[in-house]
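Here is a walk through one model, starting where its chains touch and then moving into the sheets and helices. Keep the structure open while you read.

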Amino acid sequence: MFRNQYDTDVTTWSPAGRLFQVEYAMEAVKQGSAAIGLRSKTHVVLGCVNKANSELTSHQKKIFKVDDHIGVAIAGLTADGRVLSRYMRSECINYGFTYESPLPVGRLVVQLADKAQVCTQRSWKRPYGVGLLVGGLDESGAHLYYNCPSGNYFEYQAFAIGSRSQAAKTYLERRFNSFMDSSRDDLIKDALLAIRETLQGETLKSSICTVAVVGAGEAFHVLDNETVQKLIDAFEIAGGEEAPAAAPDAAAEEGGAADQGAAADQGAAAADQGAATEEGVAPMDI
Amino acid sequence: MTKQAANWSPYDNNGGSCVAIAGIDYCVIAADTRMSTGYSILTREYSKICKLADKSLMASSGFQADVKALQKLLAARHLIYQHQHNKQMSCPAMAQLLSNTLYYKRFFPYYSFNVLGGLDTEGKGCVYTYDAVGSYERVGYGCQGSGSTLIMPFLDNQLKSPSPLLLPAQDAVTPLSEAEAVDLVKTCFASATERDIYTGDKLEIVVLNADGIRREYMELRRD
């Protein structure tokens, strides 16, 4: 992907029928630290890698509770993610107020997608530079969706976004057939293993990752460090084969402190590294 | 041309009474469960007590449709607060929010007479009493509703601390134990039920303390 004369405005088409600004926004998602999601019939697990910029600062919050039955994990410009989470929370509260029932996940992601689409068709706006993995439960069961800056959304059994997410996706592709009938704890174990894949050899510790669960009869909450570490220990010692004993449910406790400084996500220059897009294949077609 | 009077009113009074008493480390909130309109009973089993946050409960009498709308609004506002602050609202914070919410409709008020009870940030019992447009005050005990004129003098007789003009300032909590306070509330309602036609059927008592929330019921006269 190289700089060209059609990429200045989001409202300019290229001769090949591409909107480069939107594609660049999707690049921003790829530069963010990894986030993964998987779901079974009854639960959805979201996880992310939390790397702080320096030792002096705490890591940024990438998993947000949207409502008791919906949570979101983001990758990309965390500020954009925070703003969209606030919008999602507001929508859930308003729907609950009007209809006295939880907002169905499918409807929320459509609203989110439409909101993102607006930014691809106004010359005075820019696309949101964040990808969202929306996990939630409603009457029709457990769902996991991916919302991207282009305004598209897709439903997944399992997915990973952000940097080095391909490693996690490979792992998930091997195992996804078993997810639908997985138990809650097996699903969390798979999430942790998928996160480990993105670390490329670095030891998986609860201090560098965050895991959140939502399920039937279980409101969305982030698992606290202790619980996560116990789960990590359970399968790393066992060599990654046995399912860990059911870990006690942690009370709802947010895993990380608030953001500090600019996201590392924003710093990377657009043109270098990252997955190079083939010329002629618009990524939005995937 | 003679002045026209309205041929309908947006308000109705569904009756009932509410009481709250603050203790050293507990708070008792109670209300009857009768909902009426005019001289008829709509239902004998309607709860006027609503949990707004972990440590705040609100009991409201008056026009229950307005009460319900107010409760929903406060619940939604509390959700927003939790998302933004990552914690539950304290009772004093909720008290201020309720006051602001009521005043917001100063010129088309919520016909809701509220008593807010809970534990403050130090774990001590607190009760706030309101009028329909948000004027509020922290007190040691309060009551609202159709039976309030009967209950309040009795509570004053039993609980009133010496004049607030005396120094040092008295704490706004009763020296009663939790069991004594619950007993007092039962006595209040038993008496009010005798003479107030809108109070009766069943008494719902909610006790909030460090261990959590406890609910109990007592039968009242159904006539």
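A quick definition before we start: a salt bridge here is a side-chain nitrogen of Lys or Arg within 4 Å of a carboxyl oxygen of Asp or Glu. Bear in mind, too, that this is a predicted model.

**Where the chains meet**

With that rule, 1 salt bridge turns up across the interface of chain A and chain B. Its partners are K72(B) and E100(A), whose side chains come to 3.0 Å, N to O. The pair counts as a salt bridge because 3.0 Å falls within the 4 Å cut-off. Polar contacts between chain A and chain B come to 2 residue pairs, both at pLDDT 80 or more.

On chain A, at least two residues of the side that touches chain B come from β3 (63-67), and at least two from α2 (78-99). The top contributor to that side is α2(A), with 3 residues. Sorted by character, the residues on this side of chain A are 3 nonpolar, no polar and 4 charged.

As for the overall extent, chain A puts 7 residues into the contact and chain B puts in 7 residues. About 740 Å² is buried between chain A and chain B, with carbon and sulfur atoms giving 64% of that.

**The sheet that holds β3**

Now follow β3 into chain A. There it belongs to an open sheet of 5 strands, ordered β3-β4-β5-β6-β7, with antiparallel pairing. Because β3 and β7 (153-155) of chain A have a single partner strand each, one side of each is left without a neighbour in the sheet. Averaged over the sheet, neighbouring strands are turned by 25 degrees against each other, direction ignored.

Inside this sheet, β4 (residues 70-76) and β5 (residues 130-138) of chain A run antiparallel and are joined by 7 bridges. One spot to look at is G71(A), which sits opposite G135(A) in β5(A).

Two helices pack on this sheet. Helix α1 (residues 20-31) of chain A touches β4, β5 and β6 (141-147) of chain A. The other is α2(A), already met at the interface, which touches β3, β4 and β5 of chain A.

**The other sheet**

Chain A also has an open sheet of 5 strands in the order β8-β1-β2-β9-β10, again with antiparallel pairing. At its edges are β8 (158-161) and β10 (218-222) of chain A, each pairing on one side only. The twist from one strand to the next averages 10 degrees.

Within it, 5 bridges link β1 (residues 35-39) and β2 (residues 43-49) of chain A in the antiparallel sense. Among the paired residues, A35(A) has C48(A) in β2(A) as its bridge partner. Helix α4 (residues 165-175) of chain A lies across β1 and β8 of chain A, while helix α5 (residues 184-199) of chain A lies across β1, β2, β9 (209-215) and β10 of chain A.

**Helix directions**

Here is how the helices run against a strand of their sheet.

| Helix | Strand | Angle |
|---|---|---|
| α1(A) | β4(A) | about 100 degrees |
| α2(A) | β3(A) | about 15 degrees |
| α4(A) | β8(A) | about 170 degrees |
| α5(A) | β2(A) | about 25 degrees |

Technical notes: Residues are numbered from 1 along each chain as its sequence is written. Chains are lettered from A and ligands numbered from 1 in the order in which they are written. This is a predicted model: local features need pLDDT of at least 70, side-chain atom pairs count only at pLDDT 80 or more; totals for chains, interfaces and linings use all residues. Side-chain values use heavy atoms; hydrogens and water are left out. Contact means heavy atoms within 4.5 Å. Buried area is the accessible area (1.4 Å probe) that two parts lose on being put together, summed over both. A polar contact is a pair of N or O atoms within 3.5 Å; within protein, one must be able to donate a hydrogen and the other to accept it, and residues adjacent in sequence count only if both atoms are side-chain atoms. Helices (H or I, at least four residues) and strands (E, at least two) are DSSP runs, numbered from the N terminus. Ala, Val, Leu, Ile, Met, Phe, Trp, Tyr, Cys and Pro count as nonpolar, Asp, Glu, Lys and Arg as charged, and the others, Gly among them, as polar. Two strands pair if DSSP finds at least two bridges between them. Axes are lines fitted to C-alpha atoms, for helices over the stretch in contact, and angles run from 0 to 180 degrees between N-to-C directions.
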